[in-house]
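Trainee: I would like a close look at one part of this model. Please start from a single residue and work outward.

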Amino acid sequence: MTGWRALPRSPALPWLLGLAAVLAAALLAGRYAERAALADLRRSASATLALHVAAFRSEMQKQGSLPLALASDPEIAAVVGTAPDPALLARVNDRLAEIARASGAAVIYVIRQDGTAVAASNAGEPGSFVGATYAFRPYFQQAQGEGAGRQFALGTVSGRPGLYLSRRVAGPEGRTGVVVVKVEFDGIETAWRQGSETGGESVMITDPRGIVLVASEPAWRFGALRPVPDEERRLIRERLEFGDAPLQPLPLHPAADGTLVRVGNGAEPARLALPLDAPIPGTTWRLHTLTRVGVAVGRERVQAQAIAGLVVGLASLGLAEIVGRRRRVRASLAEAAARRTELEERVRARTQALTEANRKLKAEIAERQLAEAERQRLGRELAHAGRLAALGQFAASMAHEINQPLAAIRSYADNAGILIQRGRLAEATENLSAVGRLTERIAGLTRQLKGFARKASGRRDPVALTGVVRASLEVVEGRLAGIDLALALPEPSPYVLGEGPRLEQVVVNLVQNALDAVEGVNEPRIAVTVRVNGGSAVLEVSDNGSGLPEGGASIFDAFFTTKASGLGLGLAISRGIVEDYGGALSAWASPEGGALFRVELPLAPAAAVSGSNAARGADAARGAAA
C-alpha cells in the first residue's frame with residue numbers, strides 16, 4: 001500500500017559536528033574559567049595569608065616584651081638568690097598572677113640557676129609550677145647562655161602546648177635565674193577553626209622542622225609536613241617537647257597539576273585546596289593556609305561551560321534551522337503532488353474495505369447466533385454434569401465417613417471380648433457403650449450425608465467448640481495409640497453458630513489426615529488447639545508429618561489426594577461445611593515441619609448462647625420430672 005512520502009531526513013553528520021562544537025566550547029571555557037578562578041583565589045588567599053601573619057605577629061609582639069620587663073624587676077631578681085624571704089616569694093607570686101591576668105599570658109614563672117621554679121603565677125593552685133625542674137628545657141638553656149630564648153613545646157605539668165618566652169635574670173651574689181612567660185594560642189586556634197568550619201581556609205604554623213605547632217584542625221597539631229629523621233625524634237623525646245605525639249605526616253597529597261593538594265578528612269572525601277605559606281617575621285616559623293577550591297572554582301567552571309555551551313548550541317541550532325527550512329520548502333512542493341495521488345488511492349481502498357467489512361459483519365452475526373445456541377446447550381449439559389458429580393461426591397463421602405467409626409467399633413468390640421475373657425466386665429461394658437455411641441454416630445452421619453444431596457438446613461445453633469473436639473476424638477481414639485497428642489482446650493469453651501455433627505465431621509477429617517501424615521514418623525506428634533482471636537474462634541490441627549504437597553493450594557480441590565486409596569473429597573467437603581457457617585478453612589506449614597490446618601468460625605452472640613443453655617436446662621428438668 002502506498003503511503004505519504006516522508007520528508008528527507010537531515011544527515012547525522014551536521015548534528016554530530018554541532019554536538020562536538022558545543023562540547024569543545026564548554027571544555028575550553030571551563031578550563032579558562034578554572035584558571036581565572038584559581039588566579040583570583042590565589043590573590044584572595046595571599047591577602048588572607050598576610051592578614052593571618054600580621055595578626056599572629058601582633059599577638060607575639062604583645063607578649064614578647066613582657067619577659068624583658070620582668071627580668072629587670074628587683075623583687076624578681078631577689079627570689080633567684082639563696083634562701084629568699086617567704087614574704088617576698090608570696091608578693092612575687094601575687095604580682096605574677098596579676099600580670100598574667102592582665103596580659104593574657106597562660107602562666108609566668110621564675111627559675112633559679114639550678115633549673116628549679118621558685119615562683120609562679122599559678123602558685124598554690126593544682127598543677128603549680130613551683131618546685132618543678134626545667135633545666136632540660138632549651139628555652140632555659142638559651143636564656144642562661146644567650147640572655148634570651150624561646151621554645152614551643154608541650155607543658156610537662158599542665159600538658160598544654162604553648163610558646164615559652166624566657167629572659168635571664170641577674171640575681172644577688174652573682175647568681176642568675178630565668179623568668180618565663182608561657183603564651184597559649186587557644187583563642188587564635190578557635191577563631192581559625194570557626195572560619196574553617198564556615199567554608200574558610202585551614203590555617204597552621206610550623207617550625208623549621210616542618211612540625212605543626214598551632215592549627216585550626218586539632219588533629220593536625222604535632223603532625224609534620226615531611227618525615228622527621230630518627231635522630232631528631234630522639235632529641236624531641238629527650239627534651240619532652242611534644243610528649244608522646246607520633247609526629248605523623250599530615251594527610252596532604254599533591255594534586256595532578258602540582259599547584260593544589262588533596263586534604264584528607266578521615267572518612268569524608270578528600271577536598272582540593274590551594275596551599276600558601278609565608279614566614280612570620282621575628283621567628284623561624286612559617287604560617288600556612290589551605291584554601292578550599294572545590295566550591296569557588298567548580299562554580300565558575302560550570303557557569304562558563306553552561307554559557308559557552310548555550311551560546312554555541314543556539315548558534316548551531318540557528319544554522320540548522322536555516323538549512324532545514326530550505327530543505328523543507330523543496331520537499332513540500334514534491335509532497336503536495338504525492339498527497340493528491342495518495343488521497344485518490346486511499347478513497348478506493350476505503351470503499352473496498354467497507355464492502356468487505358459489511359460482508360464479514362453479516363457472516364459474524366450468523367456465527368454468533370450459532371455460538372449462542374451452542375452455549376445454551378453446553379450450559380444445560382454442564383448443569384446436568386454438575387448434579388451428577390455432586391451425587392457421586394456425596395456417595396463417596398458417605399463411605400469415607402462411615403469407615404472411620406466402623407474401624408473404631410471393631411477396635412472397641414475386640415477390646416471388649418478380651419476384657420470379658422479377663423473378667424474385667426466394667427471396662428468391657430464401657431467399650432460396648434462406646435460401640436453404641438459410635439453406632440448412633442453412624443446413624444447421624446447417614447442422616448447428615450443425606451442432607452448433603454440437598455441444600456444445608458440453614459440452622460445456626462450455639463455449639464461448644466471444645467465439646468465438638470472431644471466428641472470427634474472418640475471416633476479416632478483407636479488410632480491414637482502411640483501418638484503424642486497435645487490438647488489445648490479452654491474452659492469455658494467458646495461457642496460458635498453451626499450444627500454439631502457437621503462440625504464433628506470436619507474435626508474428624510482433619511485429625512484423620514494428621515494421623516495418616518505421621519505414619520512412619522519417629523516420635524509422632526499431633527496438636528489440637530482451640531483459642532479465641534478477636535470475634536472468631538480458632539481451631540488448629542497440626543502434626544510433624546511429611547507436610548503439605550507442592551502446590552498446597554490445590555489440596556481443597558475435589559478428588560485431589562496424595563493417598564493411594566483416598567478419594568480426595570474430605571477436605572473439599574470440610575471446607576464447604578466451614579464456609580456454610582461463615583468461616584474459613586486454610587492450610588499452612590507447621591512449625592514442627594508438618595502441616596497445620598486452621599478453622600476460623602465467628603463466635604456465637606452471648607444472647608444466643610444464654611438462650612441455648614436455658615433451653616437445654618429446661619429440657620433436662622422436664623426429663624427429670626418425667
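In which loop is L247 placed?

Mentor: L247 sits in the loop between α6 and β8 (252-254). The model is predicted: local features need pLDDT of at least 70 and side-chain atom pairs pLDDT 80 or more, while totals for chains, interfaces and linings use all residues. Numbering runs from 1 along each chain as its sequence is written, and side-chain values use heavy atoms, without hydrogens and water. Helices (H or I, at least four residues) and strands (E, at least two) are DSSP runs, numbered from the N terminus.

Look at the backbone of L247. Its phi is near 55°, a positive value in a residue other than glycine. Most residues other than glycine have a negative phi, and most peptide bonds are trans. L247 is buried, since its relative accessible area is 1%. Buried means under 20% relative accessible area, exposed over 50%, and partly exposed in between (1.4 Å probe, protein chains only).

Now step back to F222. It lies in the loop between β7 and α6. Its phi is near 65°, again positive in a residue other than glycine. F222 has a relative accessible area of 10%, so it is buried.

Other backbone features can be checked in the same way. E491 and P492 are joined by a cis peptide bond, with omega at about 0°. P492 belongs to the loop between β13 and β14 (495-498). G582 comes just after α11 and takes a positive phi of about 75°. Within helix α11 (residues 570-580), the buried residues include G570, L571, A572 and I573. S574, I577 and V578 are buried there too.

Go back to the loop that holds F222. R221 lies in the loop between β7 and α6 as well. The side chain of R221 meets that of E189 in a salt bridge, 2.5 Å from N to O. A salt bridge here is a side-chain nitrogen of Lys or Arg within 4 Å of a carboxyl oxygen of Asp or Glu. E189 is in helix α5, so the pair ties together parts that are 32 residues apart in sequence. R221 is partly exposed, with a relative accessible area of 26%. E189 is buried, at 5% relative accessibility.

R221 and E189 are also among the residues that line the largest cavity. A cavity is a set of points on a 1 Å grid over the protein atoms alone where a 1.4 Å probe fits but cannot get out; lining residues have an atom within 4 Å of a point. The rest of the lining is F152, P161, G162, E184, F185, D186, L213 and V214. Three elements give two or more residues to this lining: β4 (161-170), α5 (186-197) and β7 (212-215).

How many salt bridges are there under this rule? The count is 26. One of them joins the side chains of R348 and E345, at 2.5 Å from N to O. This pair stays inside helix α7, with the two residues three apart, about one turn of the helix. An α-helix has 3.6 residues a turn, so residues three or four places apart point the same way. E345 is partly exposed, with a relative accessible area of 34%.

Compare that with a pair set in two loops. E519 and R479 form a side-chain salt bridge, 3.2 Å from N to O. E519 lies in the loop between α10 (500-517) and β15 (525-533), and R479 in the loop between α9 (465-475) and β13 (484-488), so this bridge ties together parts that are 40 residues apart in sequence. E519 is exposed, at 56% relative accessibility. R479 is partly exposed, at 33% relative accessible area. Elsewhere, salt bridges with shared partners link D73, E75, R91 and R95 into one network.

Finish in helix α9, where S472 is found. S472 is buried, with a relative accessible area of 1%. Its C-alpha is 5.4 Å from the C-alpha of V508, yet S472 and V508 are 36 residues apart in sequence.

To recap your starting point: L247 is a buried residue with a positive phi, placed in the loop between α6 and β8.

How values were computed
1 Å grid on protein atoms, 1.4 Å probe; cavity = no way out; pocket = protein on both sides within 12 Å on 5 of 7 lines; lining within 4 Å.
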